[in-house]
Amino acid sequence: MTTTHPSFESVSTGDELPTVTVPITVPLIAGGAIATRDYFPGHHDLEAARQLGSAHVFMNILTTNGLVQSFVEDWAGPKARLLDLKIKLGAPNYPGDSMKFTGAVTAKDDAKRSVQITLKGTNSMGSHVSGTVQVAFA
């Protein structure tokens, strides 16, 4: 299957990125924490997470950051380059839920051949992540 990606010239302010839904699983949470060398027990040990007052193990910010990056890069394509990423966390991501990413182009810089994406990742409790990503096209 061939995936087409937008060119800088084809992108306009207001364009929406395709919605992406990510199932939240224990392997995603624990694997993301381990891959980012975050051995905090709340990310892989259910009892430790409960002792902290959490309902279940919960996703770390580095995994969320990677999912945000993947959401934008999958849309922009392999020749695009991330220039800046700013996110803010909200509700935790717990196993058994899913996170729905939405986003739109909110600014375009002709001199840098870049666009700003404003995005949100929501789960059943509300906003898990919100922020902006600046991406440059080749």
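Two strands pair if DSSP finds at least two bridges between them. In this predicted model, β4 and β5 pair in the antiparallel sense, over 10 bridges. β5 also runs antiparallel to β2, with 8 bridges joining them. Helix α3 packs its buried residues against several strands, β4 and β5 included. α3 also gives the largest share of the largest nonpolar core, 6 residues.

**Strand pairing**
- The β4 strand spans 114–123, and β5 spans 126–136.
- A hairpin of 2 residues links β4 to β5.
- On β4, G121 has V129 of β5 as its bridge partner.
- V129 is also the bridge partner of L89.
- L89 falls within β2, which covers 81–89.

**Nonpolar core**
- The largest nonpolar core holds 26 residues.
- W75, F101, V115, I117, V135 and F137 touch the most other members.
- Two or more residues of this core come from each of α3, β3, β4 and β5.
- Of these, α3 makes the largest contribution, at 6 residues.
- In soluble globular proteins, nonpolar side chains tend to be buried together.
- V115 touches W75, V135 and F137, among others, leaving aside residues up to four places away in sequence.
- The contacts of V115 also include F8, V11, V105, A107 and V133.
- K108 and Q134 are on the contact list of V115 too.

**Helix α3**
- α3 runs over 61–76.
- Its 16 residues reach 22 Å from the first C-alpha to the last, close to the 22 Å expected at 1.5 Å a residue.
- The buried residues of α3 are T63, T64, L67, V68, F71, V72, W75 and A76.
- These buried residues pack against β1, α1, β2, β3, β4 and β5.
- Just after α3, G77 adopts a positive phi of about 100°.

**The loop at T25**
- T25 sits in the loop between β1 and α1.
- β1 covers 20–23, and α1 covers 26–35.
- Is T25 buried, exposed or partly exposed? T25 counts as partly exposed because its relative accessibility is 33%, and the partly exposed class lies between the 20% and 50% cut-offs.
- A polar atom of the T25 side chain lies 3.1 Å from the backbone nitrogen of L28.
- T25 and P95 are 70 residues apart along the chain, yet their C-alpha atoms are separated by 4.4 Å.

Definitions and conventions. Residues numbered from 1 in each chain as written. Predicted model: local features only at pLDDT ≥ 70, side-chain atom pairs only at ≥ 80, totals over all residues. Heavy atoms only, no water. Core = buried A, V, L, I, M, F, W, Y, C linked by side-chain atoms within 4.5 Å. Buried < 20%, exposed > 50% of the residue type's maximum accessible area, 1.4 Å probe, protein only. Helix = DSSP H or I, 4+ residues; strand = E, 2+ residues; numbered from the N terminus. Contact = heavy atoms within 4.5 Å. Expected span 1.5 Å × (residues − 1). Polar contact = N/O pair within 3.5 Å; in protein donor to acceptor, adjacent residues only side chain to side chain.
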